[in-house]
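Biologist: Before I rely on any description of this protein, I should like to hear the reasoning behind each term. Please take me through the model and justify the words used.

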Amino acid sequence: MKPLNKIWINGKIVDLNRLNIPFFNQGLNYGACVYEGIRFYKTNDGSAIFRLHEHIKRFLYSASVLNMKLNLGEAGLIDGIRAVIKASKLKAGYIRPMAFYSKMGINIFNSNVTVAILIWSWNQEIVSKEVTMKVSKYKRLDPDSVDLKAKISGYYVNGLLGLIEARKDKYDEPLFLDGDGYLAEGAINNIFLVKDKNLYTPKPSNILGGITRDTIILISQDLGFRVLEKDILPKELNKADEVFLTGTGIEIKIVKKIKDFFSKKSHNSSVSRKIAKYYKSIVQGEVVKYKKWLTYV
Ligand code: PMP
């Protein structure tokens with residue numbers, strides 16, 4: 001990951017070094033910031049942004065949950081994203097739209113909102129590294145306490161606590177359970193279990209139902225897999241042949257171990273790799289029926 005020094009902020013491309021970071025803002029002080037993570041890829045027809053409309057829709061939804069009035073809608077955000085990609089000269093990478101309250105104090109009602117679009121290069125190979133996980137002692141945020149469908153920065157402290165706990169025990173990532181003890185998700189990714197020709201993933205009620213998760217559910221049917229959304233207890237993990245994580249950034253990541261619950265049985269994780277390969281061909285515009293998911297820059 002290499003952040004670029006060009007960013008789009010409130011309608012203009014500016015040099016990051018020339019910006020004053022507003023320390024007195026609610027985003028930094030109270031986590032009142034919403035954001036998206038979006039990938040764009042090199043295709044034979046030029047660079048294309050993957051599932052942009054779904055990401056923008058979620059971004060606008062997240063902003064509405066925090067009662068933010070953005071002074072630009074979907075078209076303005078798309079223009080901004082195109083502008084920042086062009087200014088970066090990157091052919092593939094990662095885009096981070098964000099919006100935060102610019103004033104100080106918990107009362108957000110008279111505050112302006114700053115909208116920014118950051119960009120960085122991202123050349124990580126799909127399925128590059130297999131990860132280990134530890135079920136966290138921290139539970140996933142309760143859907144009755146926050147709106148889990150929104151991507152709000154403050155929520156990520158929950159993910160971070162789990163990450164610190166996992167890393168201290170020499171595991172790569174945390175795995176969160178929901179309040180009823182069922183599998184929920186990772187800090188920034190969703191989870192799938194593979195058993196024979198079936199894929200299992202937690203129901204969307206207690207997680208951020210990721211856009212990659214949705215993509216995997218739709219495309220794996222083309223490969224002959226049946227996808228079931230269900231409540232999954234941690235002890236069911238040891239029946240799985242394979243486990244993988246999904247997210248816009250990581251795409252598909254194979255899990256090799258989950259402390260006390262799972263060790264990879266299938267040596268080459270053939271199902272996860274097959275799905276990852278298909279996913280890659282889709283994001284790169286090689287599958288005609290899914291070209292509808294690409295927005296060319
Ligand atoms: N869960 C959480 C908590 C996340 O932050 C993310 C990353 N946005 C995901 C799941 C995966 O979502 P997506 O596939 O839309 O990137």
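The exchange below moves from the whole chain to single residues.

Modeller: One caution comes beforehand: this is a predicted model.

Biologist: How is the secondary structure made up, and what makes the protein count as compact or extended for its length?

Modeller: The protein has 6 helices and 18 strands. Its radius of gyration is 19 Å, and the globule rule gives 19 Å for 297 residues, so the protein is as compact as a globular protein of that length. Along the principal axes, the C-alpha atoms fill a box of roughly 50 × 45 × 30 Å.

Biologist: What share of the residues is buried, and how far apart in sequence are the residues that the contacts join?

Modeller: Buried residues account for 55% of the 297. Of the contacts between residues at least 6 apart in sequence, 71% join residues at least 24 apart. The accessible surface is about 14,200 Å², and carbon and sulfur atoms contribute 54% of that area.

Biologist: How are the charges of the protein placed on average?

Modeller: There are 47 positive and 29 negative charges, and their mean positions lie 5 Å apart.

Biologist: How many aromatic pairs does the structure hold, and why is the pair of Tyr 35 and Tyr 156 called tilted?

Modeller: The structure holds 7 aromatic pairs. In the pair of Tyr 35 and Tyr 156 the ring centres are 5.4 Å apart and the planes meet at 55°. Two rings pair if their centres lie within 6.5 Å, and planes under 30 degrees apart would be stacked and over 60 edge-to-face, so an angle of 55° is tilted.

Biologist: Which parts of the chain does this pair tie together?

Modeller: Tyr 35 belongs to strand S4 (residues 33–35) and Tyr 156 to helix H4 (residues 156–168), so the pair connects parts that are 121 residues apart in sequence. Both tyrosines are buried.

Biologist: Why is the pair of Tyr 290 and Trp 293 described with another word, stacked?

Modeller: Its ring centres are 4.6 Å apart and its planes lie at 15°, so the pair is stacked, the limit for that term being under 30 degrees. Through ring pairs, Tyr 290 and Trp 293 join Phe 50 and Tyr 279 in a cluster.

Biologist: How do you know whether Tyr 290 is buried or exposed?

Modeller: Its relative accessible area is 5%, and buried means under 20%, so Tyr 290 is buried. Trp 293 is buried too. Tyr 290 lies in the loop between H6 and S18, where the residues it touches include Leu 218, Ile 219 and Asp 222.

Biologist: What places Thr 295 in the buried class, and what does Thr 295 touch?

Modeller: The value for Thr 295 is 11%, which is under 20%, so this residue is buried. Thr 295 lies in strand S18 (residues 294–296), and its contacts include Ser 47, Ala 48, Ile 49 and Arg 82.

Biologist: Why is Gly 105 called partly exposed?

Modeller: At 23% relative accessibility, Gly 105 falls between the limits of 20% and 50%, so it counts as partly exposed. This glycine lies in the loop between strand S7 (93–101) and strand S8 (113–121) and touches Gln 26 and Tyr 30, leaving aside residues up to four places away in sequence.

Biologist: What makes the phi angles of Asp 260 and Ser 269 worth mentioning?

Modeller: Most residues other than glycine have a negative phi. Asp 260 has a positive phi near 70°, and Ser 269 has a positive phi of about 45°.

Biologist: Are these two residues buried or exposed?

Modeller: Asp 260 reaches 68%, over the 50% limit, so it counts as exposed; it is found in the loop between strand S16 (251–258) and strand S17 (262–263). Ser 269 is at 0%, under 20%, so it counts as buried; it lies in the loop between S17 and helix H6 (270–283).

Biologist: How do you know that Pro 174 is buried?

Modeller: Its relative accessible area is 0%, under the limit of 20%, so Pro 174 is buried. This proline is found in strand S10 (residues 173–177), and among the residues it touches are Met 133, Gly 159, Leu 163 and Ala 187. Pro 174 and Leu 163, 11 residues apart in sequence, have C-alpha atoms 5.3 Å apart.

Conventions
Residues are numbered from 1 along each chain as its sequence is written. This is a predicted model: local features need pLDDT of at least 70, side-chain atom pairs count only at pLDDT 80 or more; totals for chains, interfaces and linings use all residues. Side-chain values use heavy atoms; hydrogens and water are left out. Helices (H or I, at least four residues) and strands (E, at least two) are DSSP runs, numbered from the N terminus. The radius of gyration is taken over C-alpha atoms; the globule rule is 2.2 Å times the number of residues to the power 0.38. Buried means under 20% relative accessible area, exposed over 50%, partly exposed in between (1.4 Å probe, protein chains only). Contact means heavy atoms within 4.5 Å. Accessible areas come from the Shrake-Rupley method with a 1.4 Å probe; for residues, only the protein chains shown count as cover. Lys and Arg count as positive and Asp and Glu as negative; His and the chain ends are not counted. The place of a charge is taken as NZ of Lys, CZ of Arg, CG of Asp or CD of Glu. Rings of Phe, Tyr and Trp (its six-membered ring) pair if their centres lie within 6.5 Å; planes under 30 degrees apart count as stacked, over 60 as edge-to-face and the rest as tilted.
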